[in-house]
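This report describes a two-chain model, going from single residues to helix packing and then to whole chains. Please keep the sequence and the structure open while reading.

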Amino acid sequence: MDPNTPRTTPRKSATFDDYTLSEIRRAATTGIYDIRGAGAKRKLPHFDDLLFLGASISRYPLEGYREKCGTNVVLGTRFAKKPIELKIPITIAGMSFGSLSAQAKEALGNGATIAGTSTTTGDGGMTPEERGHSKTLVYQYLPSRYGMNPDDLRRADAIEVVVGQGAKPGGGGMLLGQKISDRVAQMRCLPKGIDQRSACRHPDWTGPDDLEIKLHELREITNWEKPIYIKVGGARPYYDTALAVKSGADVVVVDGMQGGTAATQEVFIEHVGQPTLACIRPAVQALQDLGMHRKVQLIVSGGIRNGADVAKALALGADAVSIGTAALVALGDNDPHLEEEYQKLGTTAGAYDDWHEGRDPAGITTQNPELAKRLDPKIAGRRLANYLKVMTLEAQTIARACGKNHVHNLEPEDLVALTVEAAAMAQVPLAGTSWIPGKGGY
Amino acid sequence: MAPRDALARKSNEQHMIEIDLEKEGVRGVNSRLHTLAKDTNQRHWLIKNPMGQHAIACGLDAPIIVEVGGHAGFYCGGMNKEAEILIHGHAGPGVAENMMSGIVRVDGNASQSAGATGNGGLLVIKGDAASRCGISMKGIDIVVGGSVGHMSAFMAQRGHLVVCGDAGEALGDSIYEARLYVRGKVDSLGADCIEKKMTDHHLAKLARLLDKAEIKANPKDFRRFGSARKLYNFNIDHADAY
């Protein structure tokens, strides 16, 4: 061929992109699916696709630094003798000791307590450090029941029955052997160093009728004092919320697919479940249809990053939000100052998600004592508290701009969507129009 | 059903306090039992008219004897600590679930998930137990006078399951370190569960369990099952076992 003949530019396939090719090669080499932490990384319709309208002639705003804008929330008002009151509508999601170091759990408790909110145990039980440093602690009741005991149940301020989580609705868990230290093994009644599997279904109830009886038992054991949450992954948010209410939940937690996990198959994280944005309105609709909106509180989680996300979730009808991945970043996870160490692990700051391997240079997702002691629970806790306060101030800023004296007064009418997809999911008008896809026959 | 001999002896030692569940409700009954101090002298209770209600005598935390005078629903004796609970009838799902210590005895049969996730103590079922008996058990000892249903001892981590009758399909699926003893036939074993040699040590342990359960059986008639430990760390060549 004449070297002067023009050639087409080499073109890579959109279907077989670089990531896909690398995954095929990795699978062919190792013979095992990819396991990682965190939530869905693919581009999804999200809160960024919504905008607040702000005040105008028909609405008047509140003065930013003078007029009060409340942020408190009371959770568990339906049946519990002792509902919990939080200063801010942002809670810390369940993350286990085992997947996280004891220092990280302590830091989460410190930060949440300073900010006036709750933190949550995880699949592995309650540690004394966590209880000691958390003013308000939610105790997760999971299918595996690792570490479950009635004393900790009574020591908790609330109970969260985990049916599913957004990263893997319908899936169980896996904590690889390298993170099963002596202490983790002891708490979970397992031999050290083995892969610890967590069941996907509870061992002693099946379906909403049984769940109602299970909740009754938990209330009896705890003298009907504790609010009981039911956490579901973002799969069928309308029916799951309705059935959680039927089962007797005080609080429903809906976790979208951007919600993180300690370790799950990549294929599960990216291909099962619904985006958080798509879950909120169906869940709220279920509560409204049952006459239980604001009576049974709704917590939304999965990809909450800033005060705008908080405000948008509340405007769509949530009572509070919960953060996990963002809280770990606030503690120091994926920080660029550790770039050299991330490079040694074959990754880069911002992309590190092999949390299951226990080699986290930030000392957060590890059981290695040398790595774990890098994290100062007080300093990290302070960072988390700062972050929570900033998110709260941001949500208040938006609420005041919309003329609301409490963040719970935000409403769907304050929002428009930038995309047709987001408009359909959030059931708010496409910006510049009065069109809500699916409404009015269109 | 009449109280057994051992119970009758205990009953004679001290005054038995009767509570009528039909009058006081589950909440009233449990409230009274939960408020007892560890050193209470009100150590022997009879719950009359249990009517198959759920969550009877759950969450107890004192060395007392509680007799349930009939059938119980779900989760009777759930999360028990220290108490001896005697169910003079059948028990619903999840009897003695997550028990920490103490004893729960069922005179009749038990429904599914008996002793689920139990951490300690002894569960005795005189009759049969349905599916998933001892699921995710974490240290409890369970002795069943009759047979158990399918998927019993699923993901069983620690403790002992003794079955004097037969075991259903997939016994001990994905089992960890729990030990299983079966006198009758086993329909099938679950993933990673194998038959193991019965040594003198195991015979002695089994004899102690049967004695404690007050069930007459010859340990030499039993076979032992446990984990092959091949699924403890993921290996792609074992994927067809999952």
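## Two loop residues in chain B

B:Glu82 lies in the loop that links β3 (65-68) to β4 (84-87) of chain B. The model is a predicted one. The phi angle of B:Glu82 is near 75 degrees, a positive value in a residue other than glycine. B:Glu82 has 15 C-beta neighbours inside 10 Å and therefore counts as partly exposed.

A second residue with positive phi, B:Asp192, is also not a glycine, and its phi is near 70 degrees. B:Asp192 sits in the loop between β9 (179-182) and β10 (193-196) of chain B. Is B:Asp192 buried or exposed? B:Asp192 is buried, because 20 other C-beta atoms lie within 10 Å, and 20 is the number at which a residue begins to count as buried.

## Helix α7 of chain A and its surroundings

How many of the 11 residues of α7(A) are buried? Eight of them are, so the helix is largely enclosed by the rest of the structure. The buried set consists of A:Pro237, A:Asp240, A:Thr241, A:Ala242, A:Leu243, A:Ala244, A:Val245 and A:Ser247. These buried residues pack against two helices, α6 and α9, and two strands, β11 (228-233) and β12 (251-255), of chain A. After α7(A) comes A:Gly248, with a positive phi near 105 degrees.

The packing with α6 comes first. Helix α6 (residues 207-221) of chain A and helix α7 (residues 237-247) of chain A meet at an angle of about 45 degrees, and their axes are 8 Å apart. The two helices are therefore oblique to each other. The crossing of α6(A) over α7(A) is right-handed. On the α6(A) side the contact is made by A:Pro208, A:Leu211, A:Glu212 and A:Leu215, and on the α7(A) side by A:Leu243, A:Lys246 and A:Ser247. By class, the contact of α6(A) with α7(A) holds four nonpolar residues, one polar residue and two charged residues.

The packing with α9 is described in the same terms. The axes of α7(A) and helix α9 (residues 276-289) of chain A come within 7 Å and cross at roughly 40 degrees. That angle makes α7(A) oblique to α9(A). Here too the crossing is right-handed, with α7(A) passing α9(A). From α7(A), the residues in this contact are A:Pro237, A:Tyr238, A:Thr241, A:Ala242 and A:Val245. From α9(A), they are A:Cys279, A:Pro282, A:Ala283, A:Gln285, A:Ala286 and A:Leu287. Which classes make up the contact of α7(A) with α9(A)? The contact has nine nonpolar residues, two polar residues and no charged residues.

A general point about helices helps in reading these lists. An α-helix has 3.6 residues a turn, so residues three or four places apart point the same way.

## The two chains

The table sets out overall values for each chain.

| Chain | Helices and strands | Span of the C-alpha trace along the principal axes | Buried residues |
|---|---|---|---|
| Chain A | 15 helices, 16 strands | about 70 × 60 × 45 Å | 56% of 442 residues |
| Chain B | three helices, 11 strands | about 60 × 35 × 30 Å | 56% of 242 residues |

The radius of gyration of chain A is 22 Å, close to the 22 Å that the globule rule gives for 442 residues, so chain A is as compact as a globular protein of that length. For chain B the radius of gyration is 18 Å, which agrees with the value near 18 Å for a compact globule of 242 residues.

In chain A, residues 24 or more positions apart account for 67% of the contacts with a separation of 6 or more. In chain B, 27% of the contacts between residues at least 6 apart in sequence join residues at least 24 apart. Read from the N terminus, the elements of chain B follow the order α-β-α-β-β-β-β-β-β-β-β-β-α-β.

## Where the chains touch

At the interface, 36 residues of chain B are in contact with 22 residues of chain A. On the side of chain B that touches chain A, α2 (21-34) and β7 (138-144) of chain B each supply at least two residues. Helix α2(B) gives the most to that side, with three residues. By class, the side of chain B that touches chain A has 15 nonpolar, 14 polar and seven charged residues.

Terms used:
Residues are numbered from 1 along each chain as its sequence is written. Chains are lettered from A and ligands numbered from 1 in the order in which they are written. This is a predicted model: local features need pLDDT of at least 70, side-chain atom pairs count only at pLDDT 80 or more; totals for chains, interfaces and linings use all residues. Axes are lines fitted to C-alpha atoms, for helices over the stretch in contact, and angles run from 0 to 180 degrees between N-to-C directions. Helices (H or I, at least four residues) and strands (E, at least two) are DSSP runs, numbered from the N terminus. Angles under 35 degrees count as roughly parallel, over 145 as roughly antiparallel, 65 to 115 as roughly perpendicular and the rest as oblique. A crossing is left-handed if the near helix is turned anticlockwise from the far one by less than a right angle, and right-handed if clockwise. Two residues are in contact if their C-beta atoms, placed from the backbone, lie within 7 Å. Ala, Val, Leu, Ile, Met, Phe, Trp, Tyr, Cys and Pro count as nonpolar, Asp, Glu, Lys and Arg as charged, and the others, Gly among them, as polar. The radius of gyration is taken over C-alpha atoms; the globule rule is 2.2 Å times the number of residues to the power 0.38. A residue is buried if 20 or more other C-beta atoms lie within 10 Å of its own, exposed if 12 or fewer, and partly exposed in between; C-beta atoms are placed from the backbone.
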